[in-house]
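Visitor: I'm new to reading protein models. Could you walk me through this one, a question at a time?

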Amino acid sequence: MYLPTSADILAALGLSCSHCHKMNSSSEERGLLRCSGCRRLAYCNNECQKADWRNHKAICQTLQLVEKDIEATSEMAAAFPEAAQNDLKTLDRISVAHADQMVALCEKLLQRSLTSREIDVISYEPKCLACARTDMILRTKAHMPEAESTGAVITPCERCKMSFGCCDEHWSVARALHQGPCDDLPGTVSQCDKNLEMCADVDYSAVLTAAQEKHFMWRIIQRQATWSPLTGCTWKEVIGSDVASAAAGTAFERHVPACTRRISSLASTAFTILYALEHLNTGVAWTEKSELTINMIIASPLDFFEAGYVYEAILHRAPKVKKLVFYFFLPKGVPGEISQAWASEICGDCASKTKGIFNHFVMTRTFESFVHNEAELFVQPDLFIATSSTIIAEHDPAQWRRTIALLVARRIPSVFTTFSRRLAESGQAVMRECGAELVPSLSGVRNPFGDMKMNPNFDKVHGFHAPNAWFVGGFR
């Protein structure tokens with residue numbers, strides 16, 4: 001499943017070079033150069049713009065055609081309020097509808113589906129926090145016959161540069177929302193604070209290679225002598241001091257907060273598995289087992305192949321477990337594909353203790369089909385987990401219900417996670433209808449081991465989302 005990186009989002013906002021992702025420094029005399037065609041993306045110089053033109057040309061020219069369609073843009077502009085609003089649901093509805101209209105118009109002109117990057121250019125277009133209007137909408141309104149000149153123009157927050165208002169009046173309404181605690185974030189963290197973290201994350205990603213990241217993570221999530229419960233802990237308690245210790249005296253020392261967020265991003269599913277096992281089992285007998293079997297439904301093969309080694313965190317935290325066996329399933333089987341099996345790379349310490357992680361990627365069957373038709377291969381798992389579960393459910397709601405009913409009937413310990421509180425709440429009803437008795441600590445609550453690198457909601461004016469951020473439900 002495609003999820004834009006922090007660098008992708010900054011580029012779509014026009015805050016970093018769309019080609020090399022370099023951010024503009026306040027010490028530089030010359031800022032980024034805005035594309036004169038679409039007026040959305042920006043570049044370091046002409047060389048970067050020319051290098052990116054092959055990727056940007058189609059959406060750039062199409063956006064210009066859309067803006068020249070006075071009838072279409074005037075109709076869109078009429079949907080936006082003139083006065084400042086503080087009703088987020090209304091503003092989000094308007095913003096989402098506008099993004100959907102823009103995508104539909106562009107796809108009609110291009111006669112093809114937009115790429116993920118092209119959708120980002122549309123969805124992350126800067127918009128006013130108090131009225132959801134974009135620069136394109138403001139330009140359209142300025143050219144409408146009955147329009148009065150207001151001088152409204154999208155301007156960024158002076159502190160984070162990533163949230164916007166269209167005039168002083170609207171900023172006066174938006175500022176409390178922007179600088180106050182955000183419901184999607186833990187504690188008292190504001191939208192402004194979280195936006196600043198994204199810039200730090202991009203800065204950090206530029207100094208760490210993939211190989212360094214793997215070995216750095218193995219040092220941070222160190223092997224425990226005994227199982228230590230995760231209930232009541234957060235990422236800060238679990239890895240914070242280890243990150244600071246590992247980074248001390250290195251080039252990464254100034255990046256400790258960003259490094260902690262990155263490690264949380266990589267290890268989120270592994271720690272969510274451990275946290276769920278802790279809450280779905282009575283006592284610690286499960287930590288004494290020599291082998292754990294995990295069944296997982298993932299939205300895309302990339303969800304595993306990009307960083308399969310991260311599941312070693314389970315071996316490090318539950319030291320008596322010697323063997324992890326994973327079965328990965330897609331929402332729908334892929335006919336003609338070949339299922340795969342392989343062992344993950346592990347650190348030298350685990351290898352010396354003859355530990356191992358063994359993976360089976362079942363591409364040809366859904367989980368439900370595998371259970372019913374491969375009885376000789378199916379082993380009752382210690383845990384079934386579906387990350388991004390409410391998004392996966394959209395593929396086939398009827399099949400999703402059958403899967404949940406199967407898990408309930410076979411009494412398979414199960415946990416489901418998703419991106420936001422809204423999605424978590426909407427997914428619980430289906431589980432209850434299928435007979436699941438939900439465990440309160442795993443149902444409709446924030447996951448303390450969700451991905452800390454939360455992205456702003458791409459087609460809304462406010463809020464954030466992240467993989468594993470919320471538990472939809474857990475049952476046994």
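Visitor: Which residue's side chain meets that of Arg-133 in a salt bridge?

Guide: Keep in mind that this is a predicted model. To count as a salt bridge, a Lys or Arg side-chain nitrogen has to lie within 4 Å of a carboxyl oxygen of Asp or Glu. Here the N to O distance is 3.1 Å, and the partner of Arg-133 is Glu-82.

Visitor: How many residues apart are Arg-133 and Glu-82?

Guide: Arg-133 sits in the loop between α5 and α6, while Glu-82 is in the loop between α3 (70–77) and α4 (88–110). That pair ties distant parts of the chain together, and the separation is 51 residues.

Visitor: Is Glu-82 buried, partly exposed or exposed?

Guide: Buried means under 20% relative accessible area, and exposed means over 50%. Its partner Arg-133 is buried at 5%. Glu-82 has a relative accessible area of 48%, so it's partly exposed.

Visitor: What is the N to O distance in the salt bridge between Arg-40 and Glu-125?

Guide: These two come from distant parts of the chain, 85 residues apart: Arg-40 from the loop between β1 (33–34) and β2 (42–43), Glu-125 from the loop between α5 (116–123) and α6 (135–142). Arg-40 is buried at 4% relative accessibility, and Glu-125 is buried too, at 5%. Their side chains still meet, with an N to O distance of 2.9 Å.

Visitor: Which residues are linked with Arg-261 in a network of salt bridges?

Guide: Start with one pair: the side chains of Arg-261 and Glu-197 meet at 3.7 Å, N to O. Arg-261 lies in helix α11 (residues 256–280) and Glu-197 in helix α8 (residues 191–205). Arg-261 is buried at 6%, whereas Glu-197 is partly exposed at 23%. The network links Arg-261 with Lys-194, Glu-197 and Asp-201.

Visitor: How many salt bridges does a search of the whole structure find?

Guide: We've looked at a few, including the one joining Arg-40 and Glu-125. Searching the whole structure brings the count to 20.

Visitor: And how many disulfides does a search of the whole structure find?

Guide: Two cysteine sulfurs must be within 2.5 Å to count. The sulfur of Cys-182 is 12 Å from its closest cysteine sulfur, in Cys-192, so that's too far for a bond. The whole-structure search finds zero.

Visitor: Which cysteine has the sulfur nearest to that of Cys-167?

Guide: Cys-167 is partly exposed, at 26% relative accessible area, and is in no disulfide. The nearest cysteine sulfur is 4.0 Å away, and it belongs to Cys-166.

Terms used
Residues numbered from 1 in each chain as written. Predicted model: local features only at pLDDT ≥ 70, side-chain atom pairs only at ≥ 80, totals over all residues. Heavy atoms only, no water. Helix = DSSP H or I, 4+ residues; strand = E, 2+ residues; numbered from the N terminus. Buried < 20%, exposed > 50% of the residue type's maximum accessible area, 1.4 Å probe, protein only.
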